[in-house]
Amino acid sequence: MGISSGGGVVLEGVHSSMAALDALAAEDAFLAAGVGIGADVDVLQRRYGLRLERLEVVKRLEAQLAAVKAGDVAEAVAIQHAMLPPEAPVHERTYAEMSAVEEIAGVLTISSGAAGAFVEQSQRVCSLPPVMEALAAGDLSWQHAKIVADETEGLTPDGAAALVAHFFDPDAPNPARGAAPGELVPSRFRAKVRGWRERHHPETLEKRHARGVADRRMEYTSDRDGMAWISLRLPGDTACAIWNRTTATARGLQGPDETRTLTQLRPDIAASLLLGTGTPAREAAAGETAGRTGDAAATGAGSVSGTGSAAGSNSDIGRVPTPRADVLVMVPVFSLLGVTDEPAVLDGLGPIPASMARKLVADGADSFYRVLVDPRDGAPLEIGRTRYRLPETIKQWIRMRDGKCTFPGCSNRTPDNDIDHLTAWDHGGTTGTSNLAQLCPKHHRLKHARSWNPDPATENGSPGWTSPTGRHYKPEHLDREPTHWPPGILESLAEMPDWPDVPEVLCGEPPDDRFIGPDELSPADPLWDEFYAMPFRLPPDPESSWQLLLS
């Protein structure tokens, strides 16, 4: 990379942040002195607010200093290369970079390996101007920038630029919705970035997943205090099913006489099941509490989602049963039918191969719910309800829309979560998806104990939140995309006599009275009953060799 001179701009931001810190410290000192303060000033509340404001400035300052650090590291290596003559052999350039890395390791007091990784990350971040600009402005942390560097590794330059544009350019085609990158906790930002990368990677997810399945394994690591770790690398659907089943069972075991926490119960249940010491008490009741038996949803215009009940038979040791433990998967219809290989989305994981989704739906689902989605952007379309008691269809709808607890920064997944009325039923709130959202038990209690106020949800977006101090946190929205159409189908439709213009059908309003939008129907319209009563038949699994990969 070249040697830039943009450090001065970044340092101006650092000086501005330091000045803001000084001003906040001066105001705090004035309040602490208690002299000349008006009677209408709540000193403790204001000093509390000052701490939060200082934390905001410090967060911005840390990001700006990280930009200075990354820029200096990348430029130090570039300068080392510039000191060599153009005709210098490769080994000389290699030693020059090694020497610079070792010098950086000594200055930062980190290992050579850590310094080498930091150099690579810094070079990649500096090669992505929108990311570096956001870091220098303090709009996202170094952790966020590292995530972009990690997830663009292995992509072509055009692919990396497209990923960055999706999340950092609001004028890009189909830009990321909801909270900005720096407003998401790093783990949630990584999930969104990885989901986009999986769908747009130049190599198909089917091929990459096949290699991953061959690398499945179990690992054991000893730990201190007489403890140890067991970890499993498994296909995502199996891993999600294991997690969901142990969570559901743990929830069922909790009660006034159970002293173990949910975190402690999960490993106890897993050990009991693996070692054959018997099914934990009340597991059947837990399964019923967590989510009634297997349900799936096939969409009329774009996607399918499904859940399964308790795990299948494990009498045949070594044979992995099709996961049926409360696994929700959204599958594009054309992918379900085997005419495209567009990835599906597994709740709690993200994009999965179409073949895995077809097997989950074909073998793990006992019934179907039909859900309409918009083929232009893949978003489910709202179907209203008027009862307080939530039918199973609307619960699955909220699961599809939110994906997790909607509280800012929370990653708690759906098996643990409640479906909460954002505006209470007894305060006039309705039981429609715009007034419902997922909340984990912890944040459900906090919402009612303190003034954390949710915004209304939308037909395809979860709510934002406002804190007791008035700070607003934008919602995290799932990145949905238009459904992939089979090759040639649009051309065939366009050639049909009397068929309306294809772009008009897919991207505009219905051209005549032969079409009706779901928002034009009332929830009580009998047409919904006809729609849900329509049979849905799955084709044979086109990936008949899938089981061989697991055996």
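Let me start with Asp225, which counts as exposed at 71% relative accessibility, and which lies in the loop between strand 1 and strand 2. Please keep in mind throughout that what we are looking at is a predicted model. The phi of Asp225 is near 60°, a positive value in a residue other than glycine. As background, most residues other than glycine have a negative phi. The setting for Asp225 is the hairpin of strand 1 and strand 2, where five residues sit between the strands.

Staying with that hairpin, strand 1 and strand 2 run antiparallel and are joined by six bridges, and if you want one pair to find on the screen, Thr221 has Trp229 of strand 2 as its bridge partner. How many of the six residues of strand 1 are buried? The number is zero, so strand 1 lies largely in the open. Tyr220 lies in strand 1, and with a relative accessibility of 60%, which is over the 50% cut-off, Tyr220 counts as exposed.

Tyr220 also belongs to a nonpolar surface patch of about 620 Å², which is made by Met218, Tyr220, Ile230, Leu232, Leu234 and Ile242. The elements that give two or more residues to this patch are strand 1, covering 217-222, and strand 2, covering 228-233.

There is another residue with a positive phi that I would like to show, namely Asn174, where phi is near 50° and the residue is again something other than glycine. Asn174 is found in the loop between helix 7 (157-168) and helix 8 (186-200), and its relative accessibility of 35% makes it partly exposed, because that class covers values between 20% and 50%. A glycine can be added here, since Gly138, which follows helix 5, has a positive phi near 80°. As for helix 5 itself, residues 129-136, its buried residues are Val131, Met132, Ala134, Leu135 and Ala136.

Let me now turn to a buried position, Asn417, which is found in the loop between helix 15 (392-402) and strand 9 (418-421). Why does Asn417 count as buried? Its relative accessible area is 12%, and because the limit for that class is under 20%, Asn417 falls inside it. What does the side chain of Asn417 reach? It reaches the backbone oxygen of Asn412 at 3.2 Å, and the side chain of Asn417 also makes a polar contact with the side chain of Gln438, at 3.0 Å. If we leave aside the neighbours within four places in sequence, Asn417 is in contact with Lys404, Cys405, Asn412, Gln438, Leu439 and Cys440.

Gln438 brings us to strand 10, residues 436-439, where Leu436 and Gln438 point one way, Ala437 and Leu439 point the other way, and all of them are buried. Strand 10 runs antiparallel to strand 9, with four bridges joining the two, and within that pairing Asp420 stands opposite Ala437.

Further along the chain there is an open sheet of three strands, in the order 11-12-13, with antiparallel pairing. Strand 11 (453-454) and strand 13 (472-473) stand at the edges with a single partner strand each, so one side of each has no neighbour in the sheet. Strand 12, which is residues 465-466, is joined to strand 13 by two bridges, and here Thr466 stands opposite His472 of strand 13.

One more buried residue is Ala78, which lies in helix 2, residues 43-82, and which has a relative accessibility of 10%. The C-alpha atoms of Ala78 and Ala96 are separated by 10.0 Å, and these residues are 18 residues apart along the chain.

Finally, some totals for the protein as a whole. The secondary structure comes to 20 helices and 13 strands, and of the 551 residues, 41% count as buried. Among contacts with a separation of 6 or more, 60% are between residues 24 or more positions apart. The protein exposes about 29500 Å², and carbon and sulfur atoms supply 56% of that area.

Technical notes: Residues are numbered from 1 along each chain as its sequence is written. This is a predicted model: local features need pLDDT of at least 70, side-chain atom pairs count only at pLDDT 80 or more; totals for chains, interfaces and linings use all residues. Side-chain values use heavy atoms; hydrogens and water are left out. Buried means under 20% relative accessible area, exposed over 50%, partly exposed in between (1.4 Å probe, protein chains only). A polar contact is a pair of N or O atoms within 3.5 Å; within protein, one must be able to donate a hydrogen and the other to accept it, and residues adjacent in sequence count only if both atoms are side-chain atoms. Contact means heavy atoms within 4.5 Å. Two strands pair if DSSP finds at least two bridges between them. Patches are made of residues with over 30% relative accessible area and no salt bridge: like charges are joined within 9 Å, nonpolar side chains (Val, Leu, Ile, Met, Phe, Trp, Tyr) within 5 Å. Accessible areas come from the Shrake-Rupley method with a 1.4 Å probe; for residues, only the protein chains shown count as cover. A salt bridge is a side-chain nitrogen of Lys or Arg within 4 Å of a carboxyl oxygen of Asp or Glu.
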